[in-house]
Amino acid sequence: MNVYSKNCDSNWLVSCEWEDGATYITFLITNASNDEALHGSIKWDGCSNWSQGGHHYFHLCGIKDLANLTECLGFCYDFAHSKMPEAYG
């Protein structure tokens, strides 16, 4: 079993595990309180499956789906900020 961890910033830690020759890598993303934020895996074909606390499963078909999801979430935050500017100190 191979294990690797990376601090993404002061609040997030990404840990991953994989076997040599495996067709997927498993990831766990936790916050500074060591609460699970996301758990998932990325397969050899670029598809990934993610969940939060074993619930709220979602699937991404490669990096393009992630880019599209990131763009959509960015829109959601921008729109919310336009309607509730006081909520974003």
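This short presentation walks through the core, a strand hairpin, the cysteines and the main pocket of one structure.

Good morning, colleagues. Please bear in mind throughout that this is a predicted model.

Let me begin with the interior. The largest nonpolar core is made up of five residues, namely Val14, Cys16, Phe27, Trp50 and Leu60. In general terms, nonpolar side chains in soluble globular proteins tend to be buried together. Within this core, Phe27 deserves a closer look. Leaving out residues up to four places away in sequence, Phe27 touches Val14, Ser15, Cys16, Leu38, His39, Gly40, Ser41, Ile42 and Trp50.

I turn next to Thr30, which belongs to strand S3, residues 24-31. Is Thr30 buried or exposed? Thr30 counts as buried, because its relative accessibility is 7% and the cut-off for burial is under 20%. Its contacts, again without neighbours within four places in sequence, are Asn11, Trp12, Leu13, Asp35, Glu36 and Ala37.

The next element is a hairpin. Strand S5, residues 47-52, and strand S6, residues 55-61, run antiparallel and are joined by five bridges. One of the residues with a bridge partner is Ser48, which is matched with Leu60 in S6. Two residues separate the strands of this hairpin, and Gly53 in the turn has a positive phi of about 60°.

Now to the cysteines. How many disulfides does the model contain? The count comes to zero. Cys8 is in no disulfide, the nearest cysteine sulfur being that of Cys16, 10 Å away. With a relative accessible area of 47%, Cys8 is partly exposed. For Cys76, the closest cysteine sulfur is in Cys72 at 6.9 Å. That separation is too far for a bond, because a disulfide requires the two sulfur atoms to be within 2.5 Å. Cys76 is likewise partly exposed, at a relative accessible area of 44%.

Finally, the largest pocket. Its space amounts to about 260 Å³. Which residues lie nearest its centre? They are Ile42, Ser48, Trp50, Leu60 and Leu66, out of 13 lining residues. At least two lining residues come from each of S3, strand S4 (36-43), S5, S6 and helix H1 (63-83).

Some residues recur across these topics. Trp50 and Leu60 belong to the largest nonpolar core and are also among the residues nearest the centre of the largest pocket. Ser48, the bridge partner of Leu60, is another of those central lining residues. Thank you for your attention.

Terms used:
Residues are numbered from 1 along each chain as its sequence is written. This is a predicted model: local features need pLDDT of at least 70, side-chain atom pairs count only at pLDDT 80 or more; totals for chains, interfaces and linings use all residues. Side-chain values use heavy atoms; hydrogens and water are left out. A nonpolar core is a set of buried Ala, Val, Leu, Ile, Met, Phe, Trp, Tyr and Cys residues joined through side-chain atoms within 4.5 Å. Buried means under 20% relative accessible area, exposed over 50%, partly exposed in between (1.4 Å probe, protein chains only). Contact means heavy atoms within 4.5 Å. Two strands pair if DSSP finds at least two bridges between them. Helices (H or I, at least four residues) and strands (E, at least two) are DSSP runs, numbered from the N terminus. On a 1 Å grid over the protein atoms alone, a cavity is a set of points where a 1.4 Å probe fits but cannot get out, and a pocket is an open set with protein on both sides within 12 Å along at least five of seven lines; lining residues have an atom within 4 Å of a point. Grid points are joined across faces, edges and corners, and a volume is the space filled by probe spheres set on the points.
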